[in-house]
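Let us walk through one part of this structure step by step, following the chain from strand to helix and back to strand.

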Amino acid sequence: MDGHNVVSRSSRHRKKRRMGRIFMLLVMLIIVGVGVYAGVKMLLSGDSLASASTIREDFVVTEVAAMGSAAKDKTAPTLYNGMKRKVVYLTFDDGPNAHTSELLDIMKNNDIKGTFFMLGENAKNNPDMVKRMYEEGHYPGLHSMTHDYSKLYKSGGSKNFIEEFQEAQSIVNDITGYKPTLIRAPYGSAPQIGEEFRGDIANAGFKMWDWTIDSYDWKYPGNPSAILSQVQSQLTEDTEVVLMHDREQTAQILQQVIDYIRSQGYEFEAYHPDQHFICNFRHDERL
């Protein structure tokens with residue numbers, strides 16, 4: 001009798017232990033299941049992605065990345081007060097001349113400001129045009145005195161180049177009271193301007209822009225629609241710097257160029273020194 005009771009108690013004890021282990025196993029399975037469910041729900045709800053998206057939308061980009069060869073490896077200030085922003089800088093070389101007034105009239109009628117890279121001799125000969133340009137809010141950039149390739153680039157150094165731009169700078173300063181620092185190298189900065197040359201330009205206190213869109217307007221006298229086609233085919237980035245010239249055919253097509261660019265959601269701006277961004281073919285951050 002005593003042996004039977006001992007066996008019964010032992011059997012009941014083993015049964016309780018098995019039940020306890022089964023209970024603990026069920027509890028663990030429930031805990032794991034709840035955790036997996038919560039994780040899946042979070043992923044499906046996209047809470048973490050929504051949070052990251054909110055942070056990105058609130059971030060206002062204020063700088064434009066440097067532009068590389070042909071200035072196409074660039075990014076724009078894609079957000080401005082939470083809104084995507086696309087900007088075009090219209091730039092005109094070689095003036096002022098007989099066609100500059102018409103360009104200014106068109107831009108005034110469209111409430112657009114541009115950037116004019118002027119030759120020093122032309123500025124000296126057309127001071128009223130330079131004054132008007134500056135007073136109407138356009139940036140009076142510099143484009144050398146002579147536009148002479150041999151004189152600017154084949155002397156073996158940067159001296160002639162810098163002296164010409166300093167002279168042009170002085171002329172514009174005398175006319176407007178403003179001393180511009182943004183220049184555009186005749187024929188563009190590549191390949192004729194090397195690293196040391198660019199350093200000399202920076203040390204002289206200048207910034208230098210090339211362009212991201214070449215309208216080739218100088219190639220199309222009598223065919224202004226070809227200029228529009230060039231701009232249309234190259235307008236792809238959120239920030240574009242468009243190269244044009246003070247030419248008759250440019251004035252003839254400028255309104256259509258403006259209309260097309262606006263239809264693509266772009267705004268227009270003139271260059272501002274306090275908002276400078278890099279736009280040179282060599283991606284040189286000194287300029």
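Which residue in β4 is the bridge partner of Thr91? In this predicted model, the bridge partner of Thr91 is Thr115 of β4. The two strands concerned are β3, which covers residues 87–93, and β4, and they pair in the parallel sense over three bridges. Between them the chain passes through helix α3, made of residues 100–109, and the β-α-β crossover that results is right-handed.

Strand β4 itself spans residues 115–118, with Thr115 and Phe117 pointing one way while Phe116 and Met118 point the other way, and all of these residues are buried. Besides its pairing with β3, β4 is joined by four bridges to strand β5, residues 139–142, and these two strands also run parallel. Here Phe116 has Pro140 in β5 as its bridge partner.

Turning to the helix of the crossover, we find that the buried residues of α3 are Thr100, Leu103, Leu104, Ile106 and Met107. Because these residues cover an arc of only 160 degrees around the axis, they lie on the same side of α3. The buried residues of α3 pack against β3 and β4, and also against α5 (127–135), β9 (239–245) and α10 (248–263). On the face of α3 that is turned away from its buried side, the exposed residues Lys108 and Asn109 are found. Just after α3 comes Asp111, which takes a positive phi of about 55 degrees.

Definitions and conventions. Residues numbered from 1 in each chain as written. Predicted model: local features only at pLDDT ≥ 70, side-chain atom pairs only at ≥ 80, totals over all residues. Heavy atoms only, no water. Buried < 20%, exposed > 50% of the residue type's maximum accessible area, 1.4 Å probe, protein only. Pairing = 2+ DSSP bridges. Right-handed = clockwise from strand over helix to strand, strands pointing away. Arc of directions from axis to C-beta. Contact = heavy atoms within 4.5 Å.
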